Amino acid sequence: MAKKVFLIGIGGTGMRCLESFVHTCAMGMYDDTEVELLALDTDKDNGNFVRLRTLIEHYNKINGGNSKQNTFFSARIKYYEFSPGYTDSDSFATLSNYANLETHRNDDPSADLVDMFLAPDVRNMSLKEGYRAQTQMGSLLMYFAIEQAAYEAKEGKISKGTNQLRDFLSSLNAGKNQPVFVFGSVFGGTGASSIPIVPLAFDRANKVLGNTNNIIGDNYFGSIVLTNYFKFDVKENLREVVAKSENFAINSQSALMFYKEDATIQTTYKRLYLLGRGSGETRDVLDTANGGSEGTVGGAAQKNPADYIELLAAFAAYNFFKEASKEKPFADDDKKRFLCLAHDYGTAKLDFSLFAQEDKDVFK
């Protein structure tokens, strides 16, 4: 295994995948390893965000701040977090000064371009609780937020999030051929918006900070494409714009079509792992969490329960890091080989090999 690994968890699903990853560290799957872990979410008060932070605090108390061998809690975890820090009044319209664009519509076509991609309720919705499956807007805003944080750090306007993002990039700059794995769903808002642009945004932020390293070219990026694997119901009148479970499947299909054809995705990521549940097999997180009570679109009340799908995602990262530690990593990936693992949801029992394949005995 590589001696230093980097992870980025984006959005609610990303937070829960990072939780599962921390549990694999607690099992002793990462002996003598330094883990640099960045949690990235628009919704800084999200319950899953808070739960991850608390879990890592407990882990580090047990670990003691050192990497170890042949024991539980063997990896040393350094935790960072970043959020754009949106308030209730922040929207695309306010951040982009849409009113000014509209005033000068005859001289500048920018307002027409915004109108083409963003309906009025989308461009005016509060961003405090995320992008709510509006990826056409979220990708732009997340890139802008990361770039803006770099400029603020350069100018000495240091906030907690800006400072930690700068420190994470600094650690990534300290070496070459370092493995970076990104967690996030492709059917919701923040994760789906950010997976395609995070490496590019980090590379841009790195240059703003005056660093000459090529974040993408000098390192190995991998990610997992988490398609619709859970569902929930939110009252229609709770918000004008919400991520709706009935759209998750089509959102996932659209993302896969985009990833297959997009040159940036294909050249940025060394490996993409695909994981999800079949049609009609998605898990109702509200039934699991609290007997089917109404859901929330974000904030402290959003504490979706853990799912073994997220543990499978954590082992995708394990597989990626193991490959990255080889003398010639990813040498055979140009052959476009595919490994397919299927599990009969609801009838067959889970087996160790489903998660860790050739390392199933270590996991056991």
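Student: Why is Arg53 called partly exposed?

Tutor: Arg53 has a relative accessible area of 21%. Buried means under 20%, exposed means over 50%, and partly exposed is what lies in between (1.4 Å probe, protein chains only). With 21%, Arg53 therefore counts as partly exposed. One note on the background: this is a predicted model, in which local features need pLDDT of at least 70 and side-chain atom pairs count only at pLDDT 80 or more, while totals for chains, interfaces and linings use all residues. Residues are numbered from 1 along each chain as its sequence is written, and side-chain values use heavy atoms, with hydrogens and water left out.

Student: What makes the contact of Arg53 with Glu81 a salt bridge?

Tutor: The closest N and O atoms of Arg53 and Glu81 are 2.9 Å apart. A salt bridge needs a side-chain nitrogen of Lys or Arg within 4 Å of a carboxyl oxygen of Asp or Glu, so the pair of Arg53 and Glu81 qualifies. A search of the whole structure finds 15 salt bridges.

Student: Which elements hold Arg53 and Glu81, and why is the pair said to tie parts together?

Tutor: Arg53 lies in helix H2 (residues 47–63) and Glu81 in strand S3 (residues 76–82), so the pair ties together parts 28 residues apart in sequence. Helices (H or I, at least four residues) and strands (E, at least two) are DSSP runs, numbered from the N terminus. The protein has 16 helices and eight strands.

Student: Is Glu81 buried or exposed?

Tutor: Glu81 is buried, at a relative accessible area of 11%.

Student: How do you know that the charged end of Arg53 sits over the ring of Phe49?

Tutor: The charged end of Arg53 is 5.4 Å from the centre of the Phe49 ring. The rule asks for NZ of Lys or CZ of Arg within 6 Å of the ring centre and within 35 degrees of the ring normal. The distance of 5.4 Å fits the first part, and the contact is listed as a charge over a ring.

Student: What makes Phe181 and Phe183 an edge-to-face pair?

Tutor: Let's start from the total: the structure holds 21 aromatic pairs. For Phe181 and Phe183, the centres are 5.2 Å apart and the planes are at 70°. Rings of Phe, Tyr and Trp (its six-membered ring) pair if their centres lie within 6.5 Å; planes under 30 degrees apart count as stacked, over 60 as edge-to-face and the rest as tilted. So 5.2 Å makes Phe181 and Phe183 a pair, and 70° makes it edge-to-face. Both Phe181 and Phe183 are buried.

Student: What makes Phe320 and Phe330 a tilted pair?

Tutor: The centres of Phe320 and Phe330 are again 5.2 Å apart, but the angle between the planes is 35°. That angle is neither under 30 nor over 60 degrees, so the pair is called tilted. Phe320 lies in helix H14 (residues 308–324) and Phe330 in the loop between H14 and helix H15 (352–356), so the pair ties together parts 10 residues apart in sequence.

Student: How do you know that Phe330 is buried?

Tutor: Phe330 has a relative accessible area of 8%, so the cut-off for buried is met. Phe320 is buried too.

Student: What makes the phi of Phe330 worth a look?

Tutor: Phe330 has a positive phi of about 60° although it is not a glycine. Most residues other than glycine have a negative phi. Gln357 also has a positive phi, near 45°, and lies in the loop between H15 and helix H16 (360–363). Gln357 is partly exposed at 23%.

Student: Why is Glu358 called exposed?

Tutor: Its relative accessible area is 56%, so Glu358 passes the limit for exposed. Glu358 forms a salt bridge with Lys322, with the closest N and O atoms 3.5 Å apart. This pair links distant parts of the chain, with Glu358 in the loop between H15 and H16 and Lys322 in helix H14, 36 residues apart. Lys322, at 28%, counts as partly exposed.

Student: How do you know that Lys326 and Glu323 meet in a salt bridge?

Tutor: Their N to O distance is 2.8 Å, so the limit for a salt bridge is met. Lys326 is partly exposed at 47%, whereas Glu323 is buried at 10%. Arg271, Glu323 and Lys326 are linked in a network of salt bridges.
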